[in-house]
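Please look at the sequence and the structure shown below before reading on. The report that follows starts from a pair of strands and then widens to the whole chain.

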Amino acid sequence: MANRIAWHCHGFDDFTPRALYQALQLRDQVFVVEQQSIYGDVDGVDTHCLHLSGRDDAGRLLAYARLIAPGEKYPDAAAIGRVVVAPEARGQGMGKALMAQAVAQCRAHYPGQPIMLSAQVEASALYSAFGFEPVSEPYDDGGILHVDMRRG
């Protein structure tokens, strides 16, 4: 990665209005527009999550994920969701850096808990590299094939 990335993990109430707008804008840009997946992104889960963001030296949001506490989405596991890298930051190892941070933050905030995620099938190899294993058959989610993955 050409620029140094500053990582921040915080609760919903710690978003500034501008930072919240940027996170929602990035999610919309990639998931809805680029991937043409029509789904309810603003799903009520964000207010109960931790939010992980990676910004460059200029303050641009380049990577984002939300971390969900055990019991919120899965009864016995934390979850990582809305994993997204800005188009201009792809091909530079940003996805790996984001996942390393997301797993580390889950371990810090939810120690000893397994971690789940719903992976786009095309990206499942990235998650496998971080110890996630498929625990479901592929299924359609917003017009894109996904598979549930778990890391103990």
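## Strands and their surroundings

Strand E1, which covers residues 6-11, is joined to strand E2 by six bridges, and the two strands run antiparallel. As in everything that follows, the description rests on a predicted model. Within this pairing, Ala 6 has Arg 55 of E2 as its bridge partner.

Strand E2 also pairs with strand E3 (residues 61-68), to which it is joined by seven bridges, again in an antiparallel arrangement. One of the links between these two strands can be followed from His 51, whose bridge partner in E3 is Arg 66. E2 and E3 form a hairpin with five residues between them, and in the turn Gly 59 has a positive phi of about 85 degrees.

How many of the residues of E2 are buried? Strand E2, residues 49-55, is mostly covered, since seven of its seven residues are buried. In a regular strand, side chains alternate between the two faces of the sheet. In E2 both faces are covered: Cys 49, His 51, Ser 53 and Arg 55 are buried on one side, and Leu 50, Leu 52 and Gly 54 are buried on the other.

## The chain as a whole

The secondary structure of the protein consists of three helices and eight strands, and along the sequence these follow the pattern β-α-β-β-β-α-β-α-β-β-β. The radius of gyration is 15 Å, close to the 15 Å that the globule rule gives for 152 residues, so the protein is as compact as a globular protein of that length. Along its principal axes, the C-alpha trace spans about 40 × 35 × 30 Å.

Of the 152 residues, 42% count as buried. Among the contacts in the protein with a separation of 6 or more, 59% are made by residues 24 or more positions apart. The accessible surface comes to about 7900 Å², and carbon and sulfur atoms account for 52% of this surface. The protein carries 13 positive and 18 negative charges, and the mean positions of these two sets are 6 Å apart.

## Four single residues

The table sets out four residues with their places and relative accessible areas.

| Residue | Place | Relative accessible area | Class |
|---|---|---|---|
| Asp 28 | helix H1 (residues 17-34) | 36% | partly exposed |
| Gln 36 | loop between H1 and E2 | 65% | exposed |
| Arg 82 | strand E4 (residues 78-85) | 18% | buried |
| Asp 148 | strand E8 (residues 144-151) | 18% | buried |

Asp 148 counts as buried because its relative accessible area is 18%, where the cut-off for buried is under 20%. Leaving aside neighbours within four places in sequence, Asp 148 is in contact with several residues, including Tyr 74, Met 116, Leu 117, Glu 133 and Tyr 139. Pro 138 is 10 residues away from Asp 148 in sequence, and the C-alpha atoms of the two are 7.7 Å apart in space.

Asp 28, by contrast, is partly exposed. Asp 28 and Gly 91 are 63 residues apart in sequence, and from C-alpha to C-alpha they are 20 Å apart in space.

Which backbone angle marks Gln 36? Gln 36 has a positive phi of about 50 degrees although it is not a glycine, and this residue is exposed. Arg 82 is not a glycine either, and has a positive phi of about 50 degrees, but Arg 82 is buried.

Technical notes:
Residues numbered from 1 in each chain as written. Predicted model: local features only at pLDDT ≥ 70, side-chain atom pairs only at ≥ 80, totals over all residues. Heavy atoms only, no water. Helix = DSSP H or I, 4+ residues; strand = E, 2+ residues; numbered from the N terminus. Rg over C-alpha atoms; globule rule 2.2 N^0.38 Å. Buried < 20%, exposed > 50% of the residue type's maximum accessible area, 1.4 Å probe, protein only. Contact = heavy atoms within 4.5 Å. Areas by Shrake-Rupley, 256 points an atom, 1.4 Å probe, with all protein chains shown as cover. Lys, Arg positive; Asp, Glu negative; His and termini not counted. Charge placed at Lys NZ, Arg CZ, Asp CG, Glu CD. Pairing = 2+ DSSP bridges.
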